[in-house]
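This report introduces a structure to a reader who has not met it before. It turns to aromatic rings and then to strands.

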Amino acid sequence: MEKLEFTINYETYYNLTELSDEDKLLCEKAEAALSTSYSPYSKFKVGNAVLLNSGEIILGSNQENVAYPSGLCAERVALFGIGAKYPDAVISKMAITAYTDQFKIEQPVTSCGACLQVMAEFEQKQKTPITVLFYCIGGKILKVKGIKSLLPFLFVENRLSVGA
């Protein structure tokens with residue numbers, strides 16, 4: 001038997017003014033993406049801004065459906081759009097934020113497991129880590145470099161790859 005542990009390295013910022021101009025802009029764009037959220041059931045809006053290496057910023061927001069499993073999180077909306085429109089794009093970083101009128105969000109909202117798996121696949125495909133900023137409006141920002149830090153046991157099966 002072997003007992004192992006892993007650690008997660010991340011940075012905590014306490015407001016937008018502590019961020020670089022690029023990171024601040026990305027958080028602001030994620031907040032702007034909240035305006036396109038379709039969330040009449042949960043009333044929980046999520047916005048995402050993805051910075052490509054080309055400098056272009058792609059936005060995504062959660063899109064719900066009365067048949068709950070048919071909706072999509074903001075991260076996957078943006079990422080699948082990038083995959084369809086810019087299949088060879090390299091993602092540098094992304095910012096994710098949330099808002100609801102129902103209560104005050106006091107901590108950064110992190111991505112669900114399904115989104116993390118999709119983010120991990122993009123990272124594997126481009127062979128470059130993606131930096132993620134989890135932004136709590138009016139509060140803390142967590143900055144993590146690399147999806148593997150967030151999903152250490154991500155699903156990988158290389159024999160399913162093209163050409164395997």
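Does Y41 count as buried, exposed or partly exposed? In this predicted model, Y41 has a relative accessibility of 34% and therefore counts as partly exposed, since that class lies between under 20% for buried and over 50% for exposed.

A search of the whole structure finds 3 aromatic pairs. In one of them, the ring centres of F6 and F153 are 6.0 Å apart and the planes stand at 80°, so this pair is edge-to-face. The two residues come from distant parts of the chain, 147 residues apart, with F6 in the segment before β1 (10-13) and F153 in the segment after β6 (141-145).

Another pair is formed by Y41 and Y68, whose ring centres lie 5.9 Å apart with planes at 65°, so that the arrangement is edge-to-face. This pair also links distant parts of the chain, 27 residues apart: Y41 sits in the loop between α1 (21-33) and β2 (44-52), while Y68 sits in the loop between β3 (57-61) and α2 (74-85).

The accessibility of the residues in these pairs is set out below.

| Residue | Relative accessibility | Class |
|---|---|---|
| F6 | 49% | partly exposed |
| F153 | 71% | exposed |
| Y41 | 34% | partly exposed |
| Y68 | 54% | exposed |

The strands form an open sheet of 6 with mixed pairing, in the order β1-β6-β5-β4-β2-β3. Its edge strands are β1 and β3, each of which pairs on one side only, and the twist from one strand to the next averages 15°. Between β2 and β3, which run antiparallel, there are 5 bridges, and V50 has I58 in β3 as its bridge partner.

Technical notes
Residues numbered from 1 in each chain as written. Predicted model: local features only at pLDDT ≥ 70, side-chain atom pairs only at ≥ 80, totals over all residues. Heavy atoms only, no water. Phe/Tyr/Trp six-rings, centres within 6.5 Å; stacked < 30°, edge-to-face > 60°. Helix = DSSP H or I, 4+ residues; strand = E, 2+ residues; numbered from the N terminus. Buried < 20%, exposed > 50% of the residue type's maximum accessible area, 1.4 Å probe, protein only. Pairing = 2+ DSSP bridges. Axes fitted to C-alpha atoms, helices over the stretch in contact; angles between N-to-C directions.
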